[in-house]
Amino acid sequence: MYSEQFKLSIRDINYANHLDHLALLNYLHETRVKFLRSHGYTELDVDGQGSGLVVAELNCNYRAECFYGDEIEVQLSLELISPTRLVFHYTLYKANRVLVATARIRVAFLNLQHKVIAVPNYLRLCAVATDKVTELTAR
């Protein structure tokens, strides 16, 4: 698991005085970018050969409000769902381990010719494989 800490700024707050949904997505994105960088890669080059990451599906579930100045922790884990698909799972907490939100982002990887490629090995190693993938790769 990987995690990042953030402090909410005024630009993260919406007209209802709590964390804006677009700001939440930005924190998910920032965490994913920092995770990839911690492995020496970027979203535009996930494998050292110029292959990129594309978001195929996004789902967020909100559990509690956050406000200006709150400190949040974004936890990230990976799930390998097929040889070519990966899910980034996010859990956001604020002080006292209050669950703020969960999110799931399913991604695919495209080479320079825009063809789907296998999940890069370092990400496969970071991921928790599902039973479905274990069956697919055992064949």
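The largest nonpolar core here has 33 residues, and L86, F88, Y90, L92, F109 and L123 make the most contacts inside it. Strand 1 (2-7), helix 1 (21-38), strand 3 (71-82), strand 4 (85-94), strand 5 (98-110) and helix 2 (121-126) each put in at least two residues. By nonpolar core we mean a set of buried Ala, Val, Leu, Ile, Met, Phe, Trp, Tyr and Cys residues joined through side-chain atoms within 4.5 Å. Buried stands for under 20% relative accessible area, exposed for over 50%, and partly exposed for what is in between (1.4 Å probe, protein chains only). Helices (H or I, at least four residues) and strands (E, at least two) are DSSP runs, numbered from the N terminus.

A word on ground rules: this is a predicted model, where local features need pLDDT of at least 70, side-chain atom pairs count only at pLDDT 80 or more, and totals for chains, interfaces and linings use all residues. Residues are numbered from 1 along each chain as its sequence is written, and side-chain values use heavy atoms, with hydrogens and water left out.

Zooming out, the protein has three helices and six strands, in the order β-α-β-β-β-β-α-β-α from the N terminus on. The C-alpha trace spans about 50 × 30 × 25 Å along its principal axes. Of the 139 residues, 40% are buried. Contact means heavy atoms within 4.5 Å; among contacts with a separation of 6 or more, 61% join residues 24 or more positions apart. About 8,100 Å² of the protein is exposed, with carbon and sulfur atoms supplying 51% of that (Shrake-Rupley method, 1.4 Å probe).

Back to the core: not counting residues up to four places away in sequence, F109 touches partners including V46, L53, L86, I117 and L123.

Strand 1 is a neat one to look at in the viewer. In a regular strand the side chains alternate between the two faces of the sheet. Here Y2, E4 and F6 point to one face and are buried, while S3, Q5 and K7 point to the other and are not. Strand 1 runs antiparallel to strand 3, with six bridges joining them, and F6 stands opposite I72 in strand 3. For strands to count as paired, DSSP has to find at least two bridges between them.

Two residues with charged-type names deserve a side-by-side look.

| Residue | Element | Relative accessible area |
|---|---|---|
| E4 | strand 1 | 16% |
| R32 | helix 1 | 5% |

The side chain of E4 makes a polar contact with that of Y2 at 2.3 Å. A polar contact is a pair of N or O atoms within 3.5 Å; within protein, one must be able to donate a hydrogen and the other to accept it, and residues adjacent in sequence count only if both atoms are side-chain atoms. Leaving aside neighbours within four places in sequence, E4 is in contact with T31, K34, I72, E73 and V74. With the same kind of neighbours left aside, R32 is in contact with E43, L53, V55, L76, F88, Y90 and I105. E4 and R32 are 28 residues apart along the chain, and their C-alpha atoms are separated by 9.6 Å.Last, the backbone. Most residues other than glycine have a negative phi, and most peptide bonds are trans. N17, in the loop between strand 1 and helix 1, has a positive phi of about 70° although it is not a glycine. R97, also not a glycine, has a positive phi of about 60°. R97 lies in the loop between strand 4 and strand 5 and is partly exposed, with a relative accessible area of 48%.
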